[in-house]
Amino acid sequence: MHLKDLKKTTPLVFNYANYVTPQFVANVVNVVGGSPIMAREVAEFPDLVGASDAIVINTGTWRRAELLETIKLAQLANQAQKVVVLDPVAVGIPSRSVPVKAVMADAKVDIIRGNAAEIAWFAGIDFASHGIDATGDGDLLAIAQQAAQKTGAMIAMSGAVDVVSDGVTTQTIAVDVPLLATNVGTGDALSALIGAFNGDEISVANTVRAMAMMKLAGVQAAQTVTTPGYFANQVLDELYLLTEDDLETFIAKEVKNG
Ligand SMILES: Nc1ncnc2c1ncn2[C@@H]1O[C@H](COP(=O)(O)OP(=O)(O)OP(=O)(O)O)[C@@H](O)[C@H]1O
Ligand SMILES: Cc1ncsc1CCO
Ligand SMILES: [Mg+2]
């Protein structure tokens, strides 16, 4: 959806969040005009999935004891035809791939949002990482396209260059704002934004809107703030202030076909 429609319809984004960044994630959804809700209790899943427009599953702090519940959540979302976004934090670490493989095997994931190393794992391509961060380099377009083709999911790959691919159409936003990467949780929040923008319909254009929104907020924040603590708050303020026109103008200027 367009930003103006997001603000009108207030999509409810159910975040099965990690325990590191839920406050930032909830605020990002809120300031753009969506409505966040976090939960981990399986008894609530049918109600909350029914009420939600998007379900965002973040495996950043997964626990084996909750794995069947996580799969159940994705299956309930599939049955209710709600968009499922997966954020596979540090999936290249073997133990971290367990919940990702399980959810992908037993449910349909519509969109995968990760950094280049995380997306490369789905493509079966080596890409250096260090914990939650991507540190290597490679052919980003090919990685995103192959990950999309192998998984059948839309790929939203973030970094200095953001790449969105459904395996057929690929678009990029090459705008470098290093401070965006210093705030832990920007990626987690981006995954939730992607859920919000795709709440009515899943498309490359809607996914690009979410990625462009975070990037543009980072560009604007970096014009007034140069240190990470204040930067994170400034990003929230910029996200709050961005208008439909600001976003679509940035997209027209910076989004390229890959
Ligand atoms: N060097 C960079 N230059 C510009 N933007 C960046 C850079 N690195 C990351 N970003 C932006 O930061 C946001 C988060 O992407 P990132 O790849 O850091 O996610 P992540 O590694 O999953 O983060 P986290 O785990 O902290 O949530 C995206 O909007 C992306 O465009
Ligand atoms: C630091 C960290 N550890 C697990 S999840 C997370 C937040 C980044 O996704
Ligand atoms: Mg991440």
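This passage describes helix 4, the surroundings of two ligands, several annotated residues and a few loop positions in a predicted model.

Helix 4 is a good place to begin. It runs through residues 67-79, 13 residues in all. From its first C-alpha to its last it reaches 19 Å, close to the 18 Å expected at 1.5 Å a residue. Four of its residues, Thr70, Leu73, Ala74 and Ala77, are buried. Viewed down the axis of helix 4, the buried residues fall within an arc of 90°, so they line one face of the helix. The face turned away from this buried side carries Leu68 and Gln79, both exposed. The cover over the buried residues of helix 4 includes three strands, namely strand 1 (12-16), strand 3 (54-58) and strand 4 (83-87). Helix 3 (45-51) and helix 5 (94-106) are also included in that cover.

The loops on either side of helix 4 deserve a look as well. Glu66 lies in the loop between strand 3 and helix 4. This residue is partly exposed, because 16 other C-beta atoms lie within 10 Å of its own, and the partly exposed class lies between the limits of 12 or fewer for exposed and 20 or more for buried. Glu66 and Ser129 stand 63 residues apart in sequence, and their C-alpha atoms are 26 Å apart in space. On the other side, helix 4 is followed by Gln81, which belongs to the loop between helix 4 and strand 4. Gln81 counts as exposed because it has 6 other C-beta atoms within 10 Å.

The backbone at Gln81 is also worth a comment. Most residues other than glycine have a negative phi. Gln81, although not a glycine, has a positive phi of about 55°. Thr10 likewise has a positive phi, near 50°, in a residue other than glycine. Thr10 sits in the loop between helix 1 (3-9) and strand 1. With 15 C-beta neighbours inside 10 Å, Thr10 is partly exposed.

Turning to the ligands, ligand 1 has 22 residues around it, of which Asn115, Ser158, Leu180, Ala181 and Gly187 come nearest. At least two residues of this shell are supplied by each of helix 8, helix 9 and helix 10 (204-224). Helix 9 gives the largest share, 4 residues. By type, the shell around ligand 1 divides into 10 nonpolar, 7 polar and 5 charged residues.

Ser158, one of the residues that come nearest to ligand 1, also appears in the UniProt record. There, an unreviewed entry places the annotation "binding site" on Arg113 and Ser158. Although spread over 46 residues of sequence, the two cluster in space, with a largest C-alpha distance of 7.4 Å. Arg113 is in strand 5 (residues 111-115), while Ser158 is found in strand 8 (residues 154-158). Arg113 is buried, with 31 C-beta neighbours inside 10 Å, and Ser158 is buried with 26. Leaving aside residues up to four places away in sequence, Arg113 touches Val85, Asp87, Ala156, Ser158, Leu190, Ser191 and Ile194. On the same terms, the contacts of Ser158 are Arg113, Asn115, Gly187, Leu190 and Met211.

Ligand 2 is surrounded by Asn18, Val20, Thr21, Gly60, Thr61, Val89, Ile132, Val184, Gly185, Gly187 and Asp188. This shell divides into 4 nonpolar, 6 polar and 1 charged residue. Gly185, a member of the shell, is covered together with Met38 by the "binding site" annotation of the unreviewed UniProt entry. Gly185 lies in the loop between helix 8 (178-182) and helix 9 (186-197). With 20 other C-beta atoms within 10 Å, Gly185 is buried, since 20 or more is the condition for that class. Not counting residues up to four places away in sequence, Gly185 touches Val20, Thr21, Phe24 and Val25; Val20 and Thr21 also belong to the shell around ligand 2.

Met38, for its part, lies in strand 2 (residues 35-38). This residue is partly exposed, with 16 C-beta neighbours inside 10 Å. Beyond residues up to four places away in sequence, Met38 touches Asn15, Ala17, Pro22 and Ala26.

Conventions. Residues are numbered from 1 along each chain as its sequence is written. Chains are lettered from A and ligands numbered from 1 in the order in which they are written. This is a predicted model: local features need pLDDT of at least 70, side-chain atom pairs count only at pLDDT 80 or more; totals for chains, interfaces and linings use all residues. The expected span of a helix is 1.5 Å times one less than its number of residues. The arc is that of the directions from the helix axis to the C-beta atoms. Two residues are in contact if their C-beta atoms, placed from the backbone, lie within 7 Å. A residue is near a molecule or strand if its C-beta atom, placed from the backbone, lies within 6 Å of it. Ala, Val, Leu, Ile, Met, Phe, Trp, Tyr, Cys and Pro count as nonpolar, Asp, Glu, Lys and Arg as charged, and the others, Gly among them, as polar. UniProt positions are given in the numbering used here, feature names are shortened, and annotations may be inferred rather than shown by experiment.
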